[in-house]
Amino acid sequence: MQQPEGFVMKGKENLVCRLKKSICELTQDPRQWYPKFDFFMTDHGYHKTQADHCVFVKKLDRGDFLILLLYIDDMLIVRRDPKKIRSLKKDLSKSFAMKDMGPTKRILGMHIVQDQTKKLSWLSQEKYVKKVLQRFGMSDAKPVGSTLPINCKLSGKQSPRAKVDKAEMMKIPYASTVGSLMYTMVCTRSDIGYAFGVVNRFMRNAGREHWAAVKWILRYLKGTSSMCLRFGSGKPLLEGFTDSDMSADVDTNRSTSRYVITYAGGAVSWQSRLQKSVALSTTEAEYMA
């Protein structure tokens, strides 16, 4: 770190400062923040889960528990009894500068709706999707009913070769749009997982056909922006479903594996990606999936 203006010492102008405390926005900042928060939670009897070190759980009497989920400096606290939640908030506010946003309605661009009487919850990104459509000039686009056009076969051969064509494609916000689609797919929209995987393969050198496919996905989201995930409508069972196509990738002849994991009837994890090797039959493709 360079010496701040007004603090430069004569004869030591070429020296730099050694940081004794992290500064916001520097690389080590999140690393310094997490150990401090982790120490606080451990000291108060919480244990981080092995699957996700940002999920802290504290077991209470009679099989009850309290869960805190951390994403950088945003938190969600879950428990049946609101008194324990208020107690945890009070303890946190003594050690950290905090702002209590009350009952959860929005977090990280996702909208949360709860029906306590029916014990149902909905997770939606409708407002985020509309912002994405507006940002890339697709607010008035005509909606479509599928994530990709019928018989859509995208290939690396459709990528531009000439410098002029590459320069033209550089003006198109392909990477930014695909990045926005990725956040939507990861959070709530498992239905665009396969389509996103297809357009994501051409980030380095996208062509007109690839860009047309991205806009098609945006048109699909335009017509389905109100779709959301629903939780709590089924039995508390963990179920998994998987499937694959057969050598659908034009460039590599590899198949695509897809899966979705549901709990209590709601999807909690999903993925769509190319298999690591070429399957020689539909049976092998299904087995690999």
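## Salt bridges, a nonpolar patch and a buried threonine

Lys130 is partly exposed, with a relative accessible area of 45%. This is a predicted model.

Lys130 has a charged partner. Its side chain meets that of Glu126 in a salt bridge, at 3.4 Å from N to O. Glu126 is partly exposed as well, at 28% relative accessibility. Both residues belong to helix 3, which spans residues 126-135. They sit four residues apart, so about one helical turn separates them.

The count of salt bridges comes to seven. Three of them are described here, including the Glu126 and Lys130 pair.

| Acidic residue | Basic residue | N to O distance |
|---|---|---|
| Asp100 | Lys89 | 3.1 Å |
| Glu126 | Lys130 | 3.4 Å |
| Glu168 | Lys171 | 3.5 Å |

Take the bridge between Asp100 and Lys89, whose closest N and O atoms are 3.1 Å apart. This pair links distant parts of the chain, with the two positions eleven residues apart in numbering. Lys89 lies in helix 2 (82-95). Asp100 lies in the loop between helix 2 and strand 5 (106-107). How do the two partners rank for exposure: buried, partly exposed or exposed? Asp100 is exposed, because its relative accessible area is 54% and the cut-off is over 50%. Lys89 has 23% relative accessibility, so Lys89 counts as partly exposed.

Glu168 and Lys171 form another bridge, at 3.5 Å from N to O. Glu168 is partly exposed at 36% relative accessibility. Lys171 is exposed, at 64%.

Next, the nonpolar surface. Which residues make the nonpolar surface patch? Leu19, Ile23 and Leu26 make it, and its area is about 210 Å². Leu26 lies in the segment before helix 1 (29-43). Leu26 has 35% relative accessibility and therefore counts as partly exposed. That value fits patch membership, because a patch residue needs over 30% relative accessible area.

Last, a covered position. Thr256 lies in strand 10, which runs over residues 256-263. Is Thr256 buried or exposed? Thr256 is buried, because its relative accessible area is 2% and buried means under 20%. What touches Thr256, leaving aside neighbours within four places in sequence? Its contacts are Tyr194, Arg201, Asp243, Ser244, Asp245, Ser272, Arg273 and Leu274.

In short, Thr256 is buried at 2%, Leu26 is partly exposed at 35%, and Lys171 is exposed at 64%.

How values were computed
Residues are numbered from 1 along each chain as its sequence is written. This is a predicted model: local features need pLDDT of at least 70, side-chain atom pairs count only at pLDDT 80 or more; totals for chains, interfaces and linings use all residues. Side-chain values use heavy atoms; hydrogens and water are left out. Patches are made of residues with over 30% relative accessible area and no salt bridge: like charges are joined within 9 Å, nonpolar side chains (Val, Leu, Ile, Met, Phe, Trp, Tyr) within 5 Å. Accessible areas come from the Shrake-Rupley method with a 1.4 Å probe; for residues, only the protein chains shown count as cover. A salt bridge is a side-chain nitrogen of Lys or Arg within 4 Å of a carboxyl oxygen of Asp or Glu. Buried means under 20% relative accessible area, exposed over 50%, partly exposed in between (1.4 Å probe, protein chains only). Contact means heavy atoms within 4.5 Å.
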